[in-house]
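Dear colleague,

I am passing on the structure we spoke about, and it is placed directly below. My notes on it follow, and I would be glad if you read them with the coordinates open.

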Amino acid sequence: MKQILLIPVLLLSMLSFGQKCIKKNNLSFAARIKKYPFNVAAQVQMIGYNGLLRMPEDGRDFYVDKDFVKVPILETKTLTAVQIDSLTNILYNYGYAYPPRVYRTEDCYDPHNAIIFRDKNGNPLEFMEICFECKNTTLSDWKKMSLGDMCDQKLDLLKKLFQQVGVQSGVSE
């Protein structure tokens, strides 16, 4: 009987093993800032909103779509060099402790936050949309952008950084 009870426990531990997120790299800020889109962005912003972030193909600015109606972005904070250092540290130095055996997905996507990258004229370049509730992200260009392993603890660190920067929309409990 003990062996039968042990099987589900082993299966659960096997599924969760390797999902832990740790600091596994020690890339310097100089190395991290050379990664796209940081290497082309003159400005990095964190925003809070209610809807879906859209970037028109004609290069006009981002907007938020809520039920097919444009709505305003609720909060925008431009990051300092120290904050960009913290952001790139989270993105590029943290990852899975071991390769995950399964990838967890949630059956929802209701993002309220994003990281926006702008050129020297303030024009939009790229964005990373984040749904902290569902623990999921979307990138404006999956082929050019690589933000490393998006493990749960990394998203928790990003959520804390949004709060530290002063964006409360979408991250406050």
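Please bear in mind throughout that this is a predicted model. The pLDDT averages 83 over the protein, and 83% of the residues score at least 70. The stretch to treat with caution is residues 5-18, where the pLDDT is below 50 and where the model shows 8 contacts beyond near neighbours in sequence. Where pLDDT is low, the predicted coordinates should not be read in detail.

Overall architecture

The secondary structure comes to 4 helices and 10 strands, and along the sequence these follow the pattern α-β-α-β-β-β-β-β-α-β-β-β-β-α. Of the 173 residues in the protein, 37% are buried, and the exposed surface amounts to about 10,400 Å², with carbon and sulfur atoms supplying 55% of it. Among the contacts between residues at least 6 apart in sequence, 69% join residues at least 24 apart.

The nonpolar cores

In soluble globular proteins, nonpolar side chains tend to be buried together. Here the largest nonpolar core has 26 residues, and the members that touch the most others are Val-44, Met-46, Leu-87, Ile-115 and Leu-158. The elements that each give two or more residues to this core are strand 2 (43-48), helix 3 (81-93), strand 8 (113-118), strand 9 (124-131) and helix 4 (152-165). Apart from this core lies another, of 8 residues, including Tyr-49, Val-64, Ala-114 and Ile-116.

Ile-115 is a good place to start when inspecting the larger set, since, with residues up to four places away in sequence left out, Ile-115 touches Val-44, Gln-45, Met-46, Leu-87, Glu-126, Phe-127, Met-128, Ile-130 and Phe-162.

Helix 3, one of the contributors to the largest core, has 13 residues and reaches 17 Å from its first C-alpha to its last, close to the 18 Å expected at 1.5 Å a residue. The buried residues in helix 3 are Ile-84, Leu-87, Thr-88, Asn-89, Ile-90, Leu-91, Tyr-92 and Asn-93.

A buried glutamate and its surroundings

What does the side chain of Glu-129 reach? Glu-129 is placed in strand 9 and, at 5% relative accessibility, counts as buried because the cut-off for that class is under 20%. Its side chain reaches the backbone nitrogen of Leu-53 at a distance of 2.9 Å. Leaving aside neighbours within four places in sequence, Glu-129 is in contact with Tyr-49, Leu-52, Leu-53, Tyr-109, Pro-111, Asn-113, Ala-114, Asn-136, Thr-137 and Thr-138.

Tyr-109, one of those partners, is found in the loop between strand 7 (94-96) and strand 8, and is partly exposed, with a relative accessible area of 30%. With neighbours within four places set aside, the contacts of Tyr-109 are Glu-129, Ile-130, Cys-131, Cys-134, Asn-136, Thr-137 and Thr-138. The C-alpha atoms of Tyr-109 and Cys-134 are 6.1 Å apart in space, although the two residues are 25 apart in sequence.

Backbone features to check

Most residues other than glycine have a negative phi, and most peptide bonds are trans. Two places in the model merit a look with that in mind. A cis peptide bond joins Tyr-36 and Pro-37, with omega at about 5°, and Pro-37 is found in the loop between helix 2 (29-32) and strand 2. Lys-135, which is not a glycine, has a positive phi of about 55°; Lys-135 lies in the loop between strand 9 and strand 10 (136-139) and is partly exposed, with a relative accessible area of 28%.

Strand 5 and the loop after it

Val-69 is placed in strand 5 and is partly exposed, at a relative accessible area of 48%. Val-69 and Gly-51 are 18 residues apart in sequence, with 9.3 Å between their C-alpha atoms. Pro-72, in the loop between strand 5 (69-71) and strand 6 (75-78), is exposed, with a relative accessible area of 60%. The C-alpha atoms of Pro-72 and Tyr-49 are separated by 7.4 Å, the two residues being 23 apart along the chain.

With best wishes

Technical notes: Residues are numbered from 1 along each chain as its sequence is written. This is a predicted model: local features need pLDDT of at least 70, side-chain atom pairs count only at pLDDT 80 or more; totals for chains, interfaces and linings use all residues. Side-chain values use heavy atoms; hydrogens and water are left out. A nonpolar core is a set of buried Ala, Val, Leu, Ile, Met, Phe, Trp, Tyr and Cys residues joined through side-chain atoms within 4.5 Å. Buried means under 20% relative accessible area, exposed over 50%, partly exposed in between (1.4 Å probe, protein chains only). Contact means heavy atoms within 4.5 Å. pLDDT is the predictor's confidence in each residue, from 0 to 100. The expected span of a helix is 1.5 Å times one less than its number of residues. Accessible areas come from the Shrake-Rupley method with a 1.4 Å probe; for residues, only the protein chains shown count as cover. A polar contact is a pair of N or O atoms within 3.5 Å; within protein, one must be able to donate a hydrogen and the other to accept it, and residues adjacent in sequence count only if both atoms are side-chain atoms.
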